[in-house]
Amino acid sequence: MPKKEWSNGARIARMVIIDLVALAIALCTFSYFHHVRQPKVTPMEMPTPQVTATPAPTATPAPDVSVSVDPTAEPEPTVEPTPEPAGLLRGQYAEKFLADGVEQSETVYRSQNVALELTEEWMYDSLVHIVDIYIQDISSFRTVLPYEELGELKMNIADIKAQIPQALMMTSSDQFRNRSTSEWGFILRNGLLYDDNTSFCDICVLYQDGGMEVYAKGTAVPDEIYARGAHQIWSFGPILVQNGAAMSEFPGGTGRSLGKNPRMGIGYFEPGHYCLVLADGTRGSNTGSAGVSMAEFAELFVSLGCTNAYNLDGGETATMMFGDRLLNDSSRRVTDGIYITEPVEGGN
């Protein structure tokens with residue numbers, strides 16, 4: 001009898017072990033295809049929006065009024081129009097740029113077309129890295145997808161930057177490539193469209209005219225965005241600041257996600273003037289920095305004077321390099337990044 005009981009127990013134990021092994025195999029298979037072996041996706045050019053032509057109004061003929069001209073009168077002098085300054089900034093912040101050459105240090109980069117200024121401050125019990133960005137050409141604001149461009153799905157930010165030597169600074173982004181394709185959202189990078197799902201989350205659009213707008217989940221109209229001309233579209237969120245005011249609510253956020261965490265965000269002042277902000281935090285940090293809450297992050301961008309601001313992927317993903325200096329000790333590899341460079345010939 002004891003032997004029979006032992007035999008039954010052994011069978012049950014074997015069944016449990018087999019079930020656990022099967023579950024482990026299923027989980028590993030899911031993780032492999034969901035996070036490791038993601039398909040490469042061929043992006044497409046921005047669609048041309050369908051615009052209904054409005055017939056031109058019929059002009060009313062002007063009355064024939066004969067004017068006598070004095071042949072001896074002196075002709076009126078021709079006044080040449082004053083040319084509008086070139087570049088996104090339209091002549092503003094001229095003191096930020098150089099007439100020739102390059103100035104570069106651990107906290108500053110200046111040339112004819114790009115000016116970057118890094119400041120580091122303690123705010124909300126956190127070490128905050130702020131890069132003030134001034135660019136004359138929108139092609140200086142770039143994004144990179146390691147899988148499509150460098151052959152690896154995930155890479156450390158330093159390794160990505162090492163393969164893009166023209167990058168003057170680089171940060172983590174929205175990590176859309178780390179999600180299943182059904183959860184990408186509205187994604188456009190360097191003028192190329194990867195997905196147009198506006199109902200997944202809040203989005204941020206950087207336009208080719210230098211403007212940057214934020215749209216709540218489900219409110220963006222793709223044809224309107226295509227008609228204006230998008231340069232980059234990020235899909236993560238939430239919106240932090242809109243029309244100069246900090247958001248009072250962050251739909252979809254939970255207690256942990258809204259609490260103190262390392263964070264990465266992008267802010268907009270005016271065409272050609274932006275900022276990228278990293279709030280260091282306890283995870284992956286040796287600074288003792290506490291991280292910031294979502295509400296504190298929004299307040300931070302308002303204090304900088306931003307018109308619009310948007311939250312990117314944070315936690316251990318949040319990381320930033322200025323020049324060749326890594327500003328925090330993030331332990332997570334990333335699937336996409338943001339970087340600033342001198343203008344790119346040919347635009348996007």
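How many aromatic pairs does the count come to? In this predicted model, the count comes to 8 aromatic pairs. A pair of aromatic rings is described by the distance of the centres and the angle of the planes. Take Y93 and Y134 to begin with: their ring centres lie 5.0 Å apart and their planes meet at 55 degrees, so this pair is tilted. The two tyrosines come from distant parts of the chain, 41 residues apart, with Y93 in the loop between β1 (44-45) and β2 (103-104) and Y134 in strand β5 (residues 126-135). As for cover, Y93 is partly exposed at 23% relative accessibility, while Y134 has a relative accessible area of 4% and is buried. The cut-off for buried is under 20%, so Y93 at 23% counts as partly exposed.

A second pair brings together F186 and Y226. Here the ring centres are 6.2 Å apart and the planes stand at 85 degrees, which makes the pair edge-to-face, because an angle over 60 degrees counts as such. This pair, too, links distant parts of the chain: F186 belongs to strand β8 (residues 186-189) and Y226 to helix α4 (residues 222-228), 40 residues apart. F186 is buried with a relative accessible area of 0%, and Y226 is buried as well, at 7%. Beyond the pairs, one aromatic cluster is made up of F141, W234, Y268 and Y274. There is also a charge to mention: R228 puts its charged end over the ring of Y207, 3.9 Å from the ring centre.

Now for the overall picture. The protein has 6 helices and 20 strands, and 45% of its 348 residues count as buried. Looking at contacts with a separation of 6 or more, 71% are between residues 24 or more positions apart. The average pLDDT is 86, and 78% of the residues score at least 70. Residues 28-37 are another matter: pLDDT stays under 50 there, and the model has 10 contacts beyond four places in sequence for this stretch.

Among the strands, 5 form an open sheet with antiparallel pairing, in the order β6-β20-β7-β18-β19. The edges are taken by β6 (141-144) and β19 (325-326); each has a single partner strand, so one side of each is left without a neighbour in the sheet. For β6, 4 bridges lead to strand β20 (residues 337-340), and the two run antiparallel. In this pairing, F141 of the aromatic cluster stands opposite I340 in β20.

Strand β17 (residues 308-312) is mostly covered, with 5 of its 5 residues buried. N308, Y310 and L312 point one way from the strand, A309 and N311 point the other way, and all are buried. Two neighbouring pairings can be described. Strand β13 (residues 239-242) runs antiparallel to β17 and is joined to it by 2 bridges, with I239 opposite Y310. Strand β15 (residues 263-270) is also antiparallel to β17, this time through 5 bridges, and G265 has N311 as its bridge partner.

What about the nonpolar side chains? In soluble globular proteins, nonpolar side chains tend to be buried together. The largest nonpolar core here has 32 residues, and those touching the most other members are L116, I133, F141, M169, W234, I266 and Y274. F141, W234 and Y274 in that list also belong to the aromatic cluster. M169 touches, among others, L116, V131, I133, K161, L276, M320, F322 and I340, leaving aside residues up to four places away in sequence. A second, separate core holds 18 residues, including F250, A298, F301 and A309.

Two members of that second core, A298 and F301, lie in helix α6 (residues 294-304), where M294, E296, F297, A298, L300 and F301 are buried. An α-helix has 3.6 residues a turn, so residues three or four places apart point the same way. Just after α6, G305 takes a positive phi of about 95 degrees. On the other side of the helix in sequence, D280 is found in the loop between β16 (273-279) and α6. D280 is buried, with a relative accessible area of 3%. The C-alpha atoms of D280 and R263 are 6.8 Å apart in space, and the two residues are 17 apart in sequence.

Methods
Residues numbered from 1 in each chain as written. Predicted model: local features only at pLDDT ≥ 70, side-chain atom pairs only at ≥ 80, totals over all residues. Heavy atoms only, no water. Phe/Tyr/Trp six-rings, centres within 6.5 Å; stacked < 30°, edge-to-face > 60°. Buried < 20%, exposed > 50% of the residue type's maximum accessible area, 1.4 Å probe, protein only. Lys NZ or Arg CZ within 6 Å of the ring centre and 35° of its normal. Pairing = 2+ DSSP bridges. pLDDT = per-residue confidence, 0-100. Contact = heavy atoms within 4.5 Å. Core = buried A, V, L, I, M, F, W, Y, C linked by side-chain atoms within 4.5 Å.
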